[in-house]
Amino acid sequence: NYFDGKLSPQGKMPWIEYNHKKVSGTEFIIDFLEEKLGVNLNKHLGPHERAVSRAVTKMVEEHLYWTLAYCQWVENLHETQKMVSLFGPFSDLLKWIFCHLTKGIVKREMYGHGIGRFSEEEMYTLMEKDMRTLAGLLGDKKYIMGSTVSTVDATVFGHLAQAMWTLPGTRPERLIKGELINLAMYCERIRRKFWPEWHHDDDNTLYESEESSEASKTYSPLQDFSFYSRTETFDEEGNSISQTPDTDYTGHSLFDSDVDMDEYRDHEQCK
């Protein structure tokens with residue numbers, strides 16, 4: 001693991017070095033690791049689901065990414081500067097220089113991409129449409145493509161996590177913790193499942209109650225929505241199936257790792 005901030009030979013991030021072989025670009029990294037390690041998070045998806053997964057991934061990486069980058073490095077630069085980890089006698093000056101250089105780069109690249117040629121209000125309109133699309137696609141499912149995690153969840157979570165935890169007071173944060181609360185539940189679910197050390201008992205994550213007016217907003221701690229949906233599940237005959245927060249409608253614990261469950265099923269089939 002390197003933390004020196006170096007970019008790939010193409011000048012991009014992320015990139016990895018595995019047994020002295022460098023691979024850059026998310027898609028190529030995933031393909032490389034799938035082949036090298038013999039793992040595939042999308043093995044449960046059919047052709048149509050794989051196509052939808054790729055389309056959603058590209059929407060997030062090539063579209064939503066830029067509007068969130070604008071919010072992070074242009075509109076919300078002052079708050080971003082507080083989060084940058086630099087230490088030393090000139091840390092404040094270095095933070096200011098780094099953030100303002102990044103701001104200039106982001107604005108230039110957004111203009112080249114094309115999305116930066118719109119007004120700020122138009123860019124936020126595009127961002128909101130993308131987030132509403134994700135919320136509609138997710139619905140009450142556990143993950144984007146259903147009950148099992150896939151690579152599209154890594155992409156979606158990686159971007160929505162910025163709105164959840166690094167953009168305080170901004171439009172995307174208000175949207176994800178307010179009207180599109182299922183996306184907040186989704187982010188919490190993934191955070192607590194795959195990064196349990198990230199969660200603390202004194203977590204003060206907040207969200208806006210839907211009843212709050214613009215003039216008088218009330219805030220409440222974000223409930224532990226990590227492992228269950230807000231809606232009931234019905235069987236084929238329409239009868240309601242009782243659920244507990246730590247089990248799904250089959251009675252299996254939702255705290256179990258999907259990867260562990262896949263390995264268990266494979267082991268049982270081998271028997």
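**Note on the packing of helices α2, α5 and α8**

1. In this predicted model, helix α5 (residues 120-138) and helix α8 (residues 181-194) pack at an angle of about 70°, and their axes lie 9 Å apart. Because angles of 65 to 115 degrees count as roughly perpendicular, α5 and α8 are placed in that class.

2. On the α5 side the residues that meet α8 are Met131, Leu134, Ala135 and Leu138, while α8 contributes Asn182, Leu183 and Tyr186. Sorted by class, the contact of α5 with α8 holds 6 nonpolar residues and 1 polar residue, with no charged residue.

3. Helix α2 (residues 47-75) has 29 residues, which at 1.5 Å a residue should span 42 Å, and the 40 Å between its end C-alpha atoms agrees with that expectation. A reviewer should nevertheless note that α2 carries a kink of about 40°, centred on leucine 64.

4. The axes of α2 and α5 come within 10 Å and cross at roughly 135°, which makes α2 oblique to α5. The crossing in which α2 passes α5 is left-handed.

5. From α2, the contact with α5 is made by Val56, Met59, Val60, His63, Leu64, Thr67, Leu68, Tyr70, Cys71 and Glu75; from α5, the participants are Glu120, Met123, Tyr124, Leu126, Met127, Asp130, Met131, Thr133, Leu134 and Leu137. By class, this contact of α2 with α5 comprises 14 nonpolar, 3 polar and 3 charged residues.

6. Leu64, on which the kink in α2 is centred, is among the α2 residues in contact with α5. Met131 and Leu134 of α5 take part in the contact with α2 and also meet α8.

How values were computed:
Residues numbered from 1 in each chain as written. Predicted model: local features only at pLDDT ≥ 70, side-chain atom pairs only at ≥ 80, totals over all residues. Heavy atoms only, no water. Helix = DSSP H or I, 4+ residues; strand = E, 2+ residues; numbered from the N terminus. Expected span 1.5 Å × (residues − 1). Bend = angle between axes of the 7 residues up to and from the residue. Axes fitted to C-alpha atoms, helices over the stretch in contact; angles between N-to-C directions. Parallel < 35°, antiparallel > 145°, perpendicular 65-115°, else oblique. Left-handed = near helix turned anticlockwise from the far one by under 90°. Contact = heavy atoms within 4.5 Å. Nonpolar A, V, L, I, M, F, W, Y, C, P; charged D, E, K, R; others polar.
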